[in-house]
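Visitor: Please take me through one part of this protein slowly. I would like a close look at a single side chain and its surroundings.

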Amino acid sequence: SSHFGSSQSGSRHGPPPIVMTMLLLRRGSRCFPSRVCRALSTTADVAAAADATIQRTSRLFIDNKYVDAEGGATMSVLSPVDGRPFASIPHASASDVDHAVRRARACADESEWPRMGASARAEVLRRLASSIRSPAKLAELSLIESRDCGKTLGESNGDMTFCADVLDYYADIAPQKLMPAELPLPAGEGGSQDFHARVEHEPVGVAGCITPWNYPLMQAVLKVAPALGAGCAVVLKPSPLASLTCCALGELAAAAGLPPGALNIVTGGPPQELAGGGSTGQALIDHALVDKLSFTGSGMAGRRMLEASAPRLRPTSLELGGKSAFIVFDDTGDYLDAVADWIMVGIFSCTGQVCSATSRLIVHRDIERRLVDRLVVAAAKLRVGDPLAEGTQMGPLVSEGQQHKVQGMVKQAVADGCTAHAPTLDLPEQLRGGYFVPPTILTDVPLESQAWREEIFGPVLCVRSFATEEEAVALANDTPYGLANSVYSADPVRCKRVAARLQSGVVWENCSNVLFPSTPFGGRAGKASGFGFENGVAGLMEYVSEKTVVSTAAPGYSWGAYPGSS
């Protein structure tokens with residue numbers, strides 16, 4: 001096994017202003033100059049470095065060491081571009097998971113990591129951010145991400161930059177927010193004259209983090225950064241469909257000075273099962289030494305998280321699916337170019353594989369035809385193809401299974417009476433085995449159709465019209481989900497009024513899918529999109545246990561409740 005020791009080198013540079021959004025960062029033409037994207041797509045040195053990293057790091061990362069899975073078990077990694085295997089990842093056994101969790105437990109219980117000052121931990125996060133942000137590593141990780149999950153190189157570059165920004169953000173806020181907080185007490189005798197009270201902030205312990213395939217490294221960092229900043233030890237299990245950048249994170253974290261056991265990375269199913277039954281993920285969520293679970297994925301899998309946590313009354317945060325709406329009012333006629341662009345950002349970024357995708361367009365009937373015609377023309381012009389090629393705006397879906405799901409739901413939509421507007425993809429021969437689907441707009445969508453009610457998780461926009469504000473809000477809220485919604489109007493008073501009535505954890509006014517490291521992201525309580533938060537101070541507090549400490553102002557003080565008892 002190879003071992004990565006701590007490095008204390010590297011100096012703090014000021015974090016860049018947190019001004020780029022998650023999705024605008026991903027659109028390479030807006031924030032990542034095309035000349036740089038071209039260099040990334042054609043430089044042999046970057047490709048060679050990426051291949052070397054995949055070869056070196058596609059192993060389990062436990063206790064700051066890369067090791068093989070038990071028995072050398074592996075799983076093939078298939079390219080979304082052509083369906084061919086191009087790498088492999090370990091298939092961790094239950095014993096491997098147990099080893100990872102126990103090393104995390106030892107770090108949480110016995111090392112200085114949870115007890116050192118938050119400022120010292122912050123320096124580790126800053127060094128990790130700096131290593132990701134370095135031009136060579138940024139290019140290398142972006143290439144690996146695009147090869148692994150199929151998103152465009154520009155989108156992957158945005159994701160990697162955002163990862164660094166998130167690490168810097170938590171490095172900045174953790175020392176402030178984890179300071180003991182003195183509590184006000186009633187004045188006078190029996191109150192502040194005789195007692196003091198404070199709240200201490202402690203790490204929850206061992207955090208099991210299970211992440212999806214649509215934003216592989218970014219979703220991992222959104223959990224790992226606050227957990228490490230809080231002083232937790234982490235066992236990360238990324239999706240088997242896209243694990244490569246998460247595997248590469250291990251050596252970067254160790255080089256940044258993270259102690260052994262603070263970050264452990266195991267790869268495996270579900271859906272792949274272990275020889276003895278169960279899966280890598282099940283072994284993690286069932287482990288008695290895990291103090292906290294954080295999961296991003298499907299509602300069905302989220303229920304399994306709760307079932308595993310219920311016997312232990314273990315805190316579990318869930319970021320699940322959505323069927324988000326984008327409401328457009330009739331006073332937006334002068335802004336239809338911007339409206340159409342935000343709608344496309346909300347449904348075609350990451351090939352529509354976004355939990356907060358604003359996949360239901362609810363447009364005022366007086367502008368429906370103008371807006372839909374504009375969207376159909378714009379969608380037909382999207383350049384769909386090789387995610388590594390310059391100018392590509394939309395890559396393939398992540399897997400054959402996801403491709404079949406999206407294709408099947410579009411076919412069912414047409415059978416249910418929808419009209420599908422989709423260009424015919426003209427792909428070169430070498431891409432025809434890939435998992436591509438065209439950007440699709442569905443009109444005449446029945447209210448009870450599967451397309452309107454269920455999450456498609458692909459580049460498919462469903463359209464319905466409305467006549468009144470009441471009707472628009474009712475349509476948007478008529479869903480079991482509650483993750484996010486958008487509203488677009490020239491009237492800011494109307495935007496605020498509608499936003500207040502939308503039943504979701506996030507609302508965007510005159511935009512879609514704009515998030516910063518500082519903006520909390522999570523579903524509305526009581527809805528099927530989960531609970532708990534990522535990003536912001538709320539994301540940090542997911543990994544913190546608060547302890548109330550009450551003390552007498554001076555030794556010897558007593559209430560004298562039982563006089564003569566001594």
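Guide: Contact here means that heavy atoms lie within 4.5 Å of each other. The model is a predicted one. With that in mind, take Lys 323, which sits in the loop between strands β12 (316–319) and β13 (325–328). Leaving aside residues up to four places away in sequence, Lys 323 touches Ser 359, Arg 360, Cys 462, Thr 479 and Tyr 481, among others. The list of contacts also includes a run of neighbours in the chain: Ala 451, Trp 452, Arg 453, Glu 454, Glu 455 and Ile 456.

Lys 323 is buried, yet it has no salt bridge. The nearest side chain of opposite charge belongs to Glu 455, 8.0 Å away. A salt bridge needs a side-chain nitrogen of Lys or Arg within 4 Å of a carboxyl oxygen of Asp or Glu, so this pair does not qualify. What the side chain of Lys 323 does reach is backbone oxygen: that of Glu 454 is at 2.7 Å. The backbone oxygen of Ala 451 lies 2.8 Å from a polar atom of the Lys 323 side chain.

Now look at the strands on either side of the loop. On one side is β12, which holds Glu 319. A UniProt record, an unreviewed entry, places the feature "active site" at Glu 319. Glu 319 counts as buried because its relative accessibility is 4%, and the cut-off for buried is under 20%. Its contacts, again without residues up to four places away in sequence, are Gln 219, Phe 295, Thr 296, Gly 297, Cys 355, Leu 483, Phe 521 and Ser 529.

On the other side of the loop is β13, which runs parallel to β14 and is joined to β14 by 4 bridges. Across this pairing, Ile 327 stands opposite Ile 362 in β14. Strand β14 (residues 360–364) begins with Arg 360, one of the residues that Lys 323 touches. In a regular strand, side chains alternate between the two faces of the sheet. In β14 both faces are covered: Arg 360, Ile 362 and His 364 are buried on one side, and Leu 361 and Val 363 are buried on the other. That makes 5 of the 5 residues of β14 buried.

To recap, Lys 323 is a buried residue without a salt bridge, and its side chain reaches the backbone oxygen of Glu 454.

Key:
Residues are numbered from 1 along each chain as its sequence is written. This is a predicted model: local features need pLDDT of at least 70, side-chain atom pairs count only at pLDDT 80 or more; totals for chains, interfaces and linings use all residues. Side-chain values use heavy atoms; hydrogens and water are left out. Helices (H or I, at least four residues) and strands (E, at least two) are DSSP runs, numbered from the N terminus. Buried means under 20% relative accessible area, exposed over 50%, partly exposed in between (1.4 Å probe, protein chains only). Lys and Arg count as positive and Asp and Glu as negative; His and the chain ends are not counted. A polar contact is a pair of N or O atoms within 3.5 Å; within protein, one must be able to donate a hydrogen and the other to accept it, and residues adjacent in sequence count only if both atoms are side-chain atoms. UniProt positions are given in the numbering used here, feature names are shortened, and annotations may be inferred rather than shown by experiment. Two strands pair if DSSP finds at least two bridges between them.
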